[in-house]
Amino acid sequence: MLKFYFHPTPNPMKVALFLAESGLEYELIPVDTRKGEQHASDFRLINPNGKVPAIDDNGTVVFDSNAILLYLAEKTGQFLVKEEDRGQLLSWLMFIASGLGPYSGQAVHFQHAAPEKSPYAINRYRREAQRHYQILDDRLADREFIVGDTYSIVDIAAWGWIDKVIPVLGEGELAHYPNLNRWFQSVDARPAVAKARATGSNINFKTEVDEETKRALFPQNYAS
């Protein structure tokens with residue numbers, strides 16, 4: 001059975017949504033990143049980068065959320081697009097992987113987690129997150145989905161981060177991107193989203209941010 005290494009954060013939630021949509025059976029394996037379990041030697045055999053999500057599909061190991069989405073979509077034949085739209089699917093999937101996700105994550109870090117406030121860093125990453133939101137808003141001006149004419153892994157990937165608009169940009173900020181807001185409300189209303197949100201709800205993941213958590217999430221800050 002497929003093993004899904006999970007923590008309830010944006011990138012693993014993308015995979016949780018795909019699994020909820022597809023109906024694939026899987027075993028959920030919690031990795032409590034606030035306790036540093038992602039750095040354990042046995043998990044590093046799964047993902048040398050020490051991050052979630054990752055999957056082990058009967059010996060085939062895949063890490064990085066967008067790689068997992070593409071792997072599972074090709075494995076199942078679900079949530080792909082027409083062949084003529086494949087180039088766009090790959091392009092927008094990588095846009096999310098290399099742009100929307102990292103800049104949103106850094107915006108959250110420098111606004112909410114950094115030990116010292118850096119106006120330059122806050123401005124840079126917040127503005128870059130806004131720029132990526134605007135690109136998606138423009139893209140969705142005349143279409144229902146990001147790629148092609150059907151719901152795809154690109155929509156699933158984008159949902160994982162747009163769902164975190166409040167810590168990225170603030171309360172009510174999605175309203176400034178009406179097309180993206182419309183798209184998000186449509187995706188967020190899908191029944192599978194509620195199922196995805198419930199993933200791991202019976203697991204007592206650590207919630208407090210103490211010294212252990214800071215060392216687990218930001219080990220570079222403690223490197224000698």
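## Sheet, helices and pocket in a predicted model

In strand E2, leucine 28 is the bridge partner of phenylalanine 4. This contact belongs to a predicted model, and the report starts from the sheet around it.

Strand E1 covers residues 2–6 and is joined to E2 by five bridges, with the two strands running parallel. The sheet as a whole has four strands in the order E2-E1-E3-E4; it is open, and its pairing is mixed. Strand E2 (26–30) and strand E4 (60–63) are the edge strands, each of them pairing on one side only. From one strand to the next, the twist averages 20°. In a regular strand, side chains alternate between the two faces of the sheet.

E3 and E4 pair in the antiparallel sense, over four bridges. One bridge partner in this pair is valine 61 of E4, which is matched with aspartate 56. The two strands form a hairpin with two residues between them, and asparagine 58 in the turn has a positive phi of about 50°.

Two loops next to this hairpin also have backbone details to note. Before E3, in the loop between helix H2 (41–44) and E3, lies proline 53. The peptide bond from valine 52 to proline 53 is cis, with omega near 10°. Aspartate 64 is found in the loop between E4 and H3. Its phi is positive, about 80°, although the residue is not a glycine.

Two helices can be described by how they lie on the sheet. The table lists them with their angles.

| Helix | Strands | Angle |
|---|---|---|
| H1 (residues 10–22) | touches E1 and E2 | about 145° with E1 |
| H3 (residues 65–76) | lies across E1, E3 (54–57) and E4 | about 135° to E4 |

Helix H1 packs on the sheet, and helix H3 lies across three strands, namely E1, E3 and E4.

Both helices return in the description of the largest pocket. Its volume is about 1700 Å³. The lining consists of 50 residues, and Lys51, Gly105, Trp161, Leu217 and Phe218 lie nearest the centre. Which helices each supply at least two residues of this lining? They are H1, H3, helix H4 (86–113) and helix H10 (211–217). H4 gives the most, with ten residues. Sorted by class, the lining has 22 nonpolar, 20 polar and eight charged residues.

The last topic is the aromatic residues. The structure holds eleven aromatic pairs. A pair of aromatic rings is described by the distance of the centres and the angle of the planes. For tyrosine 103 and tyrosine 125, the ring centres are 5.9 Å apart and the planes stand at 35°, so this pair is tilted. The pair links distant parts of the chain, since tyrosine 103 is in helix H4 and tyrosine 125 is in helix H5 (residues 119–139), 22 residues apart. Helix H4 thus appears here as well as in the lining of the largest pocket.

There is also an aromatic cluster, formed by Phe4, Phe6, Tyr26 and Phe205. Phe4 is the residue that was introduced at the start, with leucine 28 as its bridge partner in E2.

How values were computed. Residues are numbered from 1 along each chain as its sequence is written. This is a predicted model: local features need pLDDT of at least 70, side-chain atom pairs count only at pLDDT 80 or more; totals for chains, interfaces and linings use all residues. Side-chain values use heavy atoms; hydrogens and water are left out. Two strands pair if DSSP finds at least two bridges between them. Axes are lines fitted to C-alpha atoms, for helices over the stretch in contact, and angles run from 0 to 180 degrees between N-to-C directions. Contact means heavy atoms within 4.5 Å. On a 1 Å grid over the protein atoms alone, a cavity is a set of points where a 1.4 Å probe fits but cannot get out, and a pocket is an open set with protein on both sides within 12 Å along at least five of seven lines; lining residues have an atom within 4 Å of a point. Grid points are joined across faces, edges and corners, and a volume is the space filled by probe spheres set on the points. Ala, Val, Leu, Ile, Met, Phe, Trp, Tyr, Cys and Pro count as nonpolar, Asp, Glu, Lys and Arg as charged, and the others, Gly among them, as polar. Rings of Phe, Tyr and Trp (its six-membered ring) pair if their centres lie within 6.5 Å; planes under 30 degrees apart count as stacked, over 60 as edge-to-face and the rest as tilted.
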